[in-house]
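Here is a short report on a predicted model. It covers the strands and helices, then the charged side chains.

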Amino acid sequence: MLWKDKRYHTLNYEMKKIFGEKTIKLSINGGFTCPNRDGTIGTKGCLFCSEKGSGEFAGNGQTSIKNQIKQQKDFLSKKWKTNSYIAYFQSYTNTYAPVEILKKKYYEALNCEGIKGLAIATRPDCINDETIKLLKEINKNYFLWVELGLQTIHHKTAEIIRRGYDLNVFEKTLNKLNNAGIKAVVHLIIGLPNETNEQILQSVNYISNKNIWGVKLHLMHVLKNTDLEEYYYNTNFKIFEKNEYVSLLCDCLEKLPPKIVIHRVTGDGKKSDLVTPRWSLDKLKVLSDIDKELKTRNSWQGKLVV
Ligand code: SF4
């Protein structure tokens, strides 16, 4: 097997290979907002965005970054014995501030003990040349990746989910990150309203042909108190059954080049917040079903890459 016990290239595998030990992401709320919420692009945010800015498991933005890191380390130390971490700026848009503020927040995290690098989640329309310069500087001395929330390549779906930027903006920013030698991770959502399996695989094919380091494949799930919840009750758009999702997810993995690191293969709603699909709460079962399906197919990540 290419990736130890897995048929796809997991982040866990990659982190162990790079750092020689279990390396954990600590989810940080850097106290940012988002142009899709503060009125610059929109006020309601992406259709699926929660009040926590899609950072359900991140810390509290009122707490200092240093303290959030300490709290998360204390919490996770019960489960994992390691002192190797990536500070993950997860909530809202983590490059949406003047560069001096970004620098202060990023280095506050980097200066904490055990932090090997940063993961920064953002929108491609919120990375200017000054930010690229700062990221390039950080990238020289630390491990760094930047996550771009693309979700889909299809314009009509992008309008439904109120993403607020066009595909060419994504392309330009990805080029800038590539030129600066900064690793990019792209988010796709599997099962967006009205998308067919064929359209989903078109988005996967598109990113397969880009120079990206990693991908996050999110299961479309509906959280309480989001506009998506209302949209779901109004339109009753299709939510995947577990077996449908597992099969499609394996189709996606087969089309992704082996070198691309798979950061996520399912969705992660909190039990109390999740409307549907409730089967996703049993994450271990979903992961094991994906493993089983790949085994049954005698398949692996990249099998269908030509
Ligand atoms: S870009 Fe991110 S933080 Fe902003 S509205 Fe969309 S999901 Fe929420």
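## Sheet, helices and salt bridges

E6 and E8 form a parallel pair, joined over three bridges. One of the residues involved is lysine 216, whose bridge partner in E8 is arginine 264.

This pair belongs to an open sheet of seven strands. The strand order is E1-E2-E3-E4-E5-E6-E8, and the pairing is parallel. Strand E1 (24-28) and strand E8 (261-264) are the edge strands, and each pairs on one side only. On average, neighbouring strands of this sheet are turned by 25 degrees against each other, direction ignored.

Helices pack on this sheet. H7 touches strand E4 (143-151), strand E5 (183-190) and E6. The direction of H7 makes about 175 degrees with that of E5. Helix H9 (residues 242-255) lies across E5, E6 and E8. H9 runs at about 165 degrees to E6.

Now the charges. The structure holds 16 salt bridges. Among them are these:

| Acidic residue | Basic residue | N to O distance |
|---|---|---|
| aspartate 74 | lysine 70 | 3.0 Å |
| aspartate 227 | arginine 162 | 2.8 Å |
| glutamate 171 | lysine 210 | 3.3 Å |

Take aspartate 74 and lysine 70. Both lie in helix H2 (residues 65-76). They sit four residues apart, about one turn of the helix. Aspartate 74 counts as partly exposed because its relative accessibility is 41%, between the 20% and 50% cut-offs.

Which parts of the chain does the pair of aspartate 227 and arginine 162 link? The pair links distant parts, 65 residues apart. Aspartate 227 is in helix H8 (residues 227-235). Arginine 162 is in the loop between helix H5 (155-160) and helix H6 (167-179). Aspartate 227 has 29% relative accessibility, so it counts as partly exposed. Arginine 162 is partly exposed too, with a relative accessible area of 24%.

Glutamate 171 and lysine 210 also meet through their side chains in a salt bridge. This pair links distant parts of the chain, 39 residues apart. Glutamate 171 is in helix H6. Lysine 210 is in the loop between helix H7 (197-208) and strand E6 (214-219). Is glutamate 171 buried or partly exposed? Glutamate 171 is partly exposed, at a relative accessible area of 30%. Lysine 210, at 24%, is partly exposed.

Salt bridges also join into a network. Lys242, Lys285, Asp289 and Lys292 are linked in this way.

Technical notes. Residues numbered from 1 in each chain as written. Predicted model: local features only at pLDDT ≥ 70, side-chain atom pairs only at ≥ 80, totals over all residues. Heavy atoms only, no water. Salt bridge = Lys/Arg side-chain N within 4 Å of Asp/Glu carboxyl O. Helix = DSSP H or I, 4+ residues; strand = E, 2+ residues; numbered from the N terminus. Buried < 20%, exposed > 50% of the residue type's maximum accessible area, 1.4 Å probe, protein only. Pairing = 2+ DSSP bridges. Axes fitted to C-alpha atoms, helices over the stretch in contact; angles between N-to-C directions. Contact = heavy atoms within 4.5 Å.
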